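Reader: I'm new to this structure and would love a close look at one part of it. Could you walk me through that part slowly and explain the terms as they come up?

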Amino acid sequence: MTKDAFLPVDDEARLRAKALMRTARYGTLATNDPETGGPFASLVSVGTDLDGSPVILTSGLSTHTRLLEADPRCSLLLASVGKGDPLAHPRLTLSAEATRLDREAASGIRERYLRQHPKATLYVDFPDFAFWRLSILSGSLNGGFGRAYRMAPDDLLADPSILPGLREIEAEAVAHMNADHAETVALYATQICGAREGAWRLIGLDPEGVQLALGDEILRLVFPQALARPEDLRPVLMALARQARDKAAPADARAYQASS
């Protein structure tokens, strides 16, 4: 009897998969070519909608756009990179169905996408470019050797019930944090996420966490508990700020003592 190579999905696997989805800047998109009957793979820049669904921006001149228009079924491979054997690092393959978004429906997605891919401002409004939302059908997470999981959409996406209210305040909340609380945003990255010092910026938030960016580097900070309502966002961010400052305080005290 063949042993099942897949492990039961647990919270750690869900967190790992969601982190890949929220922090990946690029992925490999596989579409179906009706002329050859085979797959066609291409590199695409990736963003996310509030629930975590992948979003891509494509030109009407590209082959994968033509193929998606003919057959919306597709697959997206997201992978983390690092030193050593690439196969020792997590990667996630998503089976999905793509939907082209009209300009009005994509307005909020456009802003989220550009915070993650600011260089796309140069061409995002070209008439032949459009956003596509990839509705996830299933996922296959490989967390490294011997750690494979089959995942359902519920394992990968945030609870949709809070999304409408959160969508209304997300852009304003992100702008407010970056304009008025830049030091706190940097502390989120350095003290809670253990990242290097720098001018970190908040580029997105969702019911389960926030994304922080420094140049091309993106971090995922997960909330201790998913938001139940939009009003919970402010107290959660304040609690994380206190946690970050408390962690920074001992280091500041040591630095002061060393200079005395």
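**A close look at a sheet and its surroundings**

Author: Happily! Let me begin with a simple count: there are 0 disulfides here, a disulfide being a pair of cysteine sulfur atoms within 2.5 Å. The model is predicted, so local features need pLDDT of at least 70 and side-chain atom pairs count only at pLDDT 80 or more, while totals for chains, interfaces and linings use all residues. Residues are numbered from 1 along each chain as its sequence is written, and side-chain values use heavy atoms, with hydrogens and water left out.

Two cysteines bring in the next term. Cysteine 74 counts as buried because its relative accessibility is 8%, whereas cysteine 193, at 28%, counts as partly exposed. Buried means under 20% relative accessible area, exposed means over 50%, and partly exposed lies in between, using a 1.4 Å probe and protein chains only.

Now to the part I would like to show you, the sheet. Helices (H or I, at least four residues) and strands (E, at least two) are DSSP runs, numbered from the N terminus. Two strands pair if DSSP finds at least two bridges between them. With that in hand, 3 strands form an open, antiparallel sheet in the order β8-β9-β10. β8 and β10 are at the edges with a single partner strand each, so one side of each has no neighbour in the sheet. From one strand to the next, the twist averages 25°; for such angles, axes are lines fitted to C-alpha atoms, for helices over the stretch in contact, and the angles run from 0 to 180 degrees between N-to-C directions.

Strand β9 covers residues 209-214, and 6 of its 6 residues are buried. Gly209, Gln211 and Ala213 point one way from β9, while Val210, Leu212 and Leu214 point the other way. On one flank, β9 is joined by 5 bridges to the antiparallel strand β8, residues 201-206. Leucine 205 is found opposite valine 210 of β9, and β8 and β9 make a hairpin with 2 residues between them. β9 is also joined to β10, residues 217-222, by 6 bridges, again antiparallel. Here glutamine 211 has arginine 220 of β10 as its bridge partner. β9 and β10 make a hairpin too, with 2 residues between them, and glycine 215 in that turn has a positive phi of about 65°.

What does the sheet share with its surroundings? The largest nonpolar core has 29 residues, and among those with the most contacts inside it are Val210, Leu212, Tyr188 and Trp200. A nonpolar core is a set of buried Ala, Val, Leu, Ile, Met, Phe, Trp, Tyr and Cys residues joined through side-chain atoms within 4.5 Å. β8, β9 and β10 each give two or more residues to this core, as do α5 (163-180), α6 and α7 (233-259). α7 supplies the largest share, 7 residues.

One of those contributors, helix α6 (residues 182-192), is largely enclosed by the rest of the structure, because 8 of its 11 residues are buried. Among the buried residues are Val185, Leu187 and Tyr188. After α6 comes glycine 194, whose phi is positive, near 70°.

Elsewhere, the structure holds 3 aromatic pairs. Rings of Phe, Tyr and Trp (its six-membered ring) pair if their centres lie within 6.5 Å; planes under 30 degrees apart count as stacked, over 60 as edge-to-face and the rest as tilted. Tyrosine 113 and phenylalanine 131 have ring centres 5.2 Å apart and planes at 75°, so that pair is edge-to-face. It links distant parts of the chain, 18 residues apart: tyrosine 113 lies in helix α3 (residues 107-116) and phenylalanine 131 in strand β6 (residues 129-142). Tyrosine 113 is buried at 3% relative accessibility, and phenylalanine 131 is buried at 6%. Phenylalanine 126 and phenylalanine 129 form another edge-to-face pair, 6.2 Å centre to centre with 70° between the planes. Phenylalanine 126 is partly exposed at 40%, but phenylalanine 129 is buried at 15%. Together with Tyr123, Phe126 and Phe129 form one aromatic cluster.

One last stop is aspartate 71, in the loop between α2 (63-70) and β4 (73-79). Aspartate 71 is buried, with a relative accessible area of 15%. Its side chain makes a polar contact of 3.4 Å with that of asparagine 32. A polar contact is a pair of N or O atoms within 3.5 Å; within protein, one must be able to donate a hydrogen and the other to accept it, and residues adjacent in sequence count only if both atoms are side-chain atoms.
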